[in-house]
Amino acid sequence: MTTGAIPRPADTPGKTDWFVHDRFGLFIHWGIYAMAARHEWVKQREQITDEDYQPYFDHFDPDLYDPDEWAATAKSAGMKYAVITSKHHDGFCLWDSQFTDYKAPNTPAGRDLLRPWVEAFREAGLKIGFYHSLIDWHHPEFTVDGIHPQANDLAFRAANAQRDMSKYVEYLHNQVRELVTLFNPLDILWLDFSYSQRDWGWSKGKGKDDWESERLIRMVREIQPDILINNRSEIEQDFRTPEQFVPRGWLHADGKPVIWEACQTLNGSWGYDRDNLDWKDPDLLVRMIVDAVSKGGNILLNVGPTGRGELDPRALDTLADIGEWMRLHGRAIYGCTQAPFSTPPDCRYTYNPASKRLYLHVFAWPLKYLYLDGLRQRVVYAQLLNDASEIRRLDAPQHHDSPDIGADTLVLELPIQPPDVEVPVIELFLEG
Ligand code: GLC
């Protein structure tokens with residue numbers, strides 16, 4: 001049974017071909033919050049003042065930082081692109097910006113940490129992007145609002161009532177221009193985030209009018225026309241970014257399918273969070289990647305490196321497991337999208353329209369038979385993807401008292417034991 005055509009998102013300003021092909025990327029949240037080691041929002045959550053946040057700046061010395069190693073880890077996990085925080089909400093900058101002193105070269109690190117990252121990831125053949133925070137809790141002209149770390153400090157609010165947001169906006173635009181000029185080409189600009197719908201009475205949230213997003217994006221596109229930009233500046237651009245969940249189906253906006261990328265954590269926190277134990281199983285993460293691609297989306301999976309510049313051993317273990325699955329099953333992910341067929345229970349389909357191969361991801365291994373409606377006449381060959389072992393079909397099914405086996409139902413005969421992989425995949429070759 002064909003469930004209709006594969007959704008086709010409208011063209012967007014940037015070049016999205018590589019993005020919808022590559023499907024799987026690495027997100028990196030790294031800054032001085034890694035020193036606190038209790039979430040990248042620690043400054044806000046604990047209402048920490050600039051003065052009390054300063055020790056993290058003064059002691060930031062990532063002596064073990066080796067971006068080549070990070071790039072190798074991403075590659076062997078099967079990731080094709082990576083996005084790193086040039087600046088997060090705390091305002092700390094990883095690169096040698098001419099517009100601020102609040103940057104890595106002025107910490108004990110003593111150097112630009114972003115440039116070597118760009119070089120290493122490019123060298124490894126990965127596409128690259130920057131996450132850049134629209135919010136800034138360090139800049140003296142960023143007007144105090146309800147999510148500012150000092151939002152509850154009435155004296156601070158009074159003393160800072162005269163802040164001039166236009167000066168901050170100039171800083172924001174200058175830094176973004178600096179980034180897209182210094183690092184050209186860049187594949188992705190991942191802006192974060194807007195909250196214009198918030199209203200605390202004494203202050204309002206911020207959005208496109210506050211960031212002057214139209215002008216910001218126009219400037220970026222003048223310098224790098226093909227770059228991909230997300231929609232978190234409140235201007236629709238190339239893709240949307242559901243956070244910490246996979247949508248139920250292909251993401252739509254105003255009734256139309258859009259390009260989307262779900263961003264996910266390994267443990268619920270983006271920045272390094274030492275005592276957090278909410279680590280997701282590799283098994284769950286692989287199903288999540290499959291689930292996203294089966295709905296036409298990408299996954300950007302996050303790591304939060306430590307203050308010494310290393311990836312957490314728990315993250316490394318998980319990425320190695322995912323990498324082993326991706327090594328064997330990559331062709332069921334790259335170049336794949338939602339399939340135009342209805343999925344059997346406990347499974348997901350991904351489909352490569354170029355090779356005309358359909359991938360059946362079996363989330364719960366059933367007893368002996370799998371019934372695939374609409375495919376009996378369309379599948380010419382079937383095999384397990386991990387070892388290319390044939391999966392036979394029952395062409396004259398005998399147990400056909402079973403109620404819903406139609407003339408177009410393909411019946412596959414499975415071994416009792418599933419292959420020893422996180423998610424078994426059956427590769428179905430469709431007729432030319
Ligand atoms: C949120 C958070 C942030 C994180 C981001 C990732 O917007 O503010 O800490 O960087 O999501 O999607």
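The paragraphs below walk through a helix, a small group of paired strands and the surroundings of a ligand in this predicted model.

We begin with helix α5, which spans residues 67-76 and whose buried residues are P67, W70, A71 and A74. These buried residues cover an arc of only 100° around the axis, which puts them on the same side of α5. It helps to recall that an α-helix has 3.6 residues a turn, so residues three or four places apart point the same way. As for what this side meets, the buried residues of α5 pack against β1 (24-28), β2 (81-87) and α6 (114-123). After the helix comes G78, a residue whose phi is positive, near 90°.

We turn next to a sheet, and here it is useful to know that strands of a sheet pair through backbone hydrogen bonds, either parallel or antiparallel. In this model three strands form an open sheet with the order β12-β15-β14, and their pairing is antiparallel. The strands at the edges are β12 (369-372) and β14 (392-393), each of which pairs on one side only. Between β14 and strand β15 (residues 410-413), the antiparallel pairing runs over two bridges, and R392 stands opposite E413 in β15.

Finally, we come to the ligand: which residues are found around it? They are H29, E40, W41, D192, F193, E243, C263 and W270. Sorted by class, this shell around the ligand holds four nonpolar residues, one polar residue and three charged residues.

Conventions:
Residues are numbered from 1 along each chain as its sequence is written. This is a predicted model: local features need pLDDT of at least 70, side-chain atom pairs count only at pLDDT 80 or more; totals for chains, interfaces and linings use all residues. A residue is near a molecule or strand if its C-beta atom, placed from the backbone, lies within 6 Å of it. Ala, Val, Leu, Ile, Met, Phe, Trp, Tyr, Cys and Pro count as nonpolar, Asp, Glu, Lys and Arg as charged, and the others, Gly among them, as polar. Two strands pair if DSSP finds at least two bridges between them. Helices (H or I, at least four residues) and strands (E, at least two) are DSSP runs, numbered from the N terminus. A residue is buried if 20 or more other C-beta atoms lie within 10 Å of its own, exposed if 12 or fewer, and partly exposed in between; C-beta atoms are placed from the backbone. The arc is that of the directions from the helix axis to the C-beta atoms. Two residues are in contact if their C-beta atoms, placed from the backbone, lie within 7 Å.
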